[in-house]
Amino acid sequence: MNKWLKFGSGQVENTQGISIWTKMASLNVVTLLLCLGLVVLVNSYPLLYKHENQWTKLILTHLWPKTLCTMEEVSCQTADKFNYWTIHGLWPDKGQSCNRSWHFNVNDIKDLLPEMERWWPDVLHPGTNEFWKHEWEKHGTCAAVAESLNSENKYFAKALDLYKNVGLDSILKKFNIVPSSKYYSLDNIRSVIDSFYKIKPKIQCVSPSQGEEVQTLGQIEICFNKEYQLIDCVEYEEELPNSIDDLFVFESAQQSEFSVCDESMPIYYPPAHEEY
């Protein structure tokens, strides 16, 4: 009887051991599957990231510094220095802040700094890198899904290259669209760009203050496809990505903001230097 009990007890113990082993094996399988799933997810993330943020259009946004300065309740002495259209940004049509761990490093664009300071200045806060930092982290990290823009240096260099190739400032002057106390119609400005570049730009103004009847020219967008060929820009408010948000670096709060210019209203193109 005792032997049988021992044998039975052994059976019970052996059964329990098998049960524990089975549970451990099942747990290991589950753990392995979870690990494999994690590996697949990590490896596929770049593809998912690239798909989600794959832009089809780049927007080269030109800024008229004098207009920005009139929007701000700050001293803007440097606007007189920049009496030409500068760069506001190079924006993909999809994505914002696509890689928050990819921080701006000014050392990566040391070779570009002389041109950056000339053509892409922070007119309100000269001598700082905050404007470039913002543009890279919000827009550059999204543009970087393209191999030709997949570094900080490539992104800023391409923006400078496109800006110089477009030569907007000189083309407007060539066709007598110059800063002046006289007013222009939207068609005056748009037709020059249409006829020369063979594309439709997006032209943005600051709306008039209460009681005024003239809008102020502020930004002009020129668009490119993925091959950096000029294409039309769409003139709808919902197609104006981020330009209002980008003004945070200029501390724009309760001031007027850029919007597509009104067809029916005259446009003031303010001289960089006050006319007396």
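I take buried to mean under 20% relative accessible area. By that cut-off, I record both Tyr155 and Phe156 as buried. The model I am consulting is a predicted one.

**Entry 1. Overall picture**

I began with the whole protein. I count eight helices and eight strands in its secondary structure. Of its 276 residues, 44% are classed as buried. I then looked up the contacts between residues at least 6 apart in sequence, and 77% of these join residues at least 24 apart. The protein exposes about 15,400 Å², and 55% of this is supplied by carbon and sulfur atoms.

**Entry 2. Aromatic pairs**

I searched the whole structure for aromatic pairs and obtained 16. I selected the pair of Trp120 and Tyr155, whose ring centres are 6.4 Å apart. How should the pair be classed? Planes under 30 degrees apart count as stacked and those over 60 as edge-to-face, with the rest tilted. The planes of Trp120 and Tyr155 stand at 55 degrees, so I enter the pair as tilted.

I next asked which parts of the chain this pair links. Trp120 belongs to the loop between helix H3 (113-119) and helix H4 (130-143), while Tyr155 lies in helix H5 (residues 152-166). The two residues are 35 residues apart, and the pair links distant parts of the chain. I note that both Trp120 and Tyr155 are buried.

Tyr155 also pairs with Phe156. Here the centres are 5.0 Å apart and the planes make 70 degrees, an edge-to-face arrangement.

Which residues do ring pairs link into a cluster with these? I list Trp102, Phe104, Trp120, Trp136, Tyr155 and Phe156.

**Entry 3. A charge over a ring**

I examined Lys158 and found its charged end over the ring of Tyr228. The distance to the ring centre is 4.2 Å.

**Entry 4. Asn225**

I located Asn225 in the loop between strand S5 (215-224) and strand S6 (230-231). Is Asn225 buried or exposed? Its relative accessible area is 18%, so I enter Asn225 as buried.

I then looked up what surrounds this side chain. A polar atom of the Asn225 side chain lies 2.9 Å from the backbone nitrogen of Gln229. Leaving aside residues up to four places away in sequence, I find Asn225 touching Trp55, Thr56 and Ile231.

Definitions and conventions: Residues numbered from 1 in each chain as written. Predicted model: local features only at pLDDT ≥ 70, side-chain atom pairs only at ≥ 80, totals over all residues. Heavy atoms only, no water. Phe/Tyr/Trp six-rings, centres within 6.5 Å; stacked < 30°, edge-to-face > 60°. Helix = DSSP H or I, 4+ residues; strand = E, 2+ residues; numbered from the N terminus. Buried < 20%, exposed > 50% of the residue type's maximum accessible area, 1.4 Å probe, protein only. Lys NZ or Arg CZ within 6 Å of the ring centre and 35° of its normal. Polar contact = N/O pair within 3.5 Å; in protein donor to acceptor, adjacent residues only side chain to side chain. Contact = heavy atoms within 4.5 Å. Areas by Shrake-Rupley, 256 points an atom, 1.4 Å probe, with all protein chains shown as cover.
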